[in-house]
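Biologist: Hello! Could you walk me through the structure below?

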Amino acid sequence: MAESTNILSENKEGILYLTINRESKLNAINFDTLEELKNIFDEVSDNKSIRGVVLTGSGEKAFVAGADISEIAELNELNARKFSENGQEVFSLIESCHKPVIAVVNGFALGGGCELSMACHMRIATSNAKFGQPEVNLGIIPGYGGTQRLTFLIGRTKANELLMTGDMVDAREAKSLGLVNHVTNTKAEAIEKAEEILQKIMNKAPLSIGMIIDCVNAVYSNDENGYLIEANSFARCVKSEDYSEGTSAFLEKRKPNFKGE
């Protein structure tokens, strides 16, 4: 795994635990942290020792409280577009990762932090979590995909309200809106829930999981025919050894031994 200054990483029994480690800054994402995320996820998809990822923030106050305002304040019209495109590229890398990525959202997930959580495939929040896109308070808008993913996840009407007012929602409301999968009382319980979900997924065929991610992502892409992606992915699965193993195991009434091949 790539060496990181701002992100702690540990691979335990197939699960890669990533912790944004800038607690004194409420884990705000700066340029260096964004580059470290890119380097890590460049490796994750091809690393067969990793079957899933849990992403969280250090401490109890924040998952990621936003992008680093000191860096945003230095932007001008010429480099602002590149700033946005760079973040979108990294978060798209997470979203398209063929290993399931679960965000454990402890405390504030604001601005770039909310956008980072939404790029993950699932979100588990602690009861003290707060989600929001408060960029309008700075005279800007979300730039890392927040206007798009928030709308996809919770619908146009509520997304318009949250994006225009900059209001936050707590964990319970986030769950009712479909932004969050589960809410737990503590961070430890949230990580346990993420592990429980990943353990279930890790018992399935790895190629199938990757194809599911591709197909679901295609629903939200104007450049993809989701039905065609599904049909092609189905055919690729049938070519795999895991398909032979899965069907044989079912007929033989035994547990399959998938190898991701």
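**Salt bridges and a surface patch**

Modeller: Gladly. K158 and E161 pair through their side chains in a salt bridge, 3.2 Å from N to O. Please keep in mind that this is a predicted model.

Biologist: Which helix do E161 and K158 lie in?

Modeller: The two are three residues apart, about one turn of the helix. Together with E173 they are linked in a network of salt bridges. The helix that holds both E161 and K158 is α6, residues 156-165.

Biologist: Is E161 buried, partly exposed or exposed?

Modeller: Its relative accessible area is 37%. Partly exposed covers the range between under 20% and over 50%, so E161 counts as partly exposed.

Biologist: How many residues apart are E95 and R149?

Modeller: These two form a salt bridge, with the closest N and O atoms 2.9 Å apart. The pair links distant parts of the chain, with E95 in helix α3 and R149 in helix α5. Their separation along the chain is 54 residues.

Biologist: Is R149 buried or exposed?

Modeller: Its partner E95 is partly exposed, at 23% relative accessibility. R149 has 10% relative accessibility, and because buried means under 20%, R149 counts as buried.

Biologist: Which helix gives the most to the nonpolar patch?

Modeller: The patch covers about 490 Å² and is made by F152, I212, V216, V219 and Y220. One of these, I212, is exposed at 52% relative accessibility, and I212 is found in helix α9. With three residues, the helix that gives the most is α9.

Terms used
Residues numbered from 1 in each chain as written. Predicted model: local features only at pLDDT ≥ 70, side-chain atom pairs only at ≥ 80, totals over all residues. Heavy atoms only, no water. Patch = residues over 30% accessible without salt bridge, like charges linked within 9 Å, V, L, I, M, F, W, Y side chains within 5 Å. Areas by Shrake-Rupley, 256 points an atom, 1.4 Å probe, with all protein chains shown as cover. Salt bridge = Lys/Arg side-chain N within 4 Å of Asp/Glu carboxyl O. Helix = DSSP H or I, 4+ residues; strand = E, 2+ residues; numbered from the N terminus. Buried < 20%, exposed > 50% of the residue type's maximum accessible area, 1.4 Å probe, protein only.
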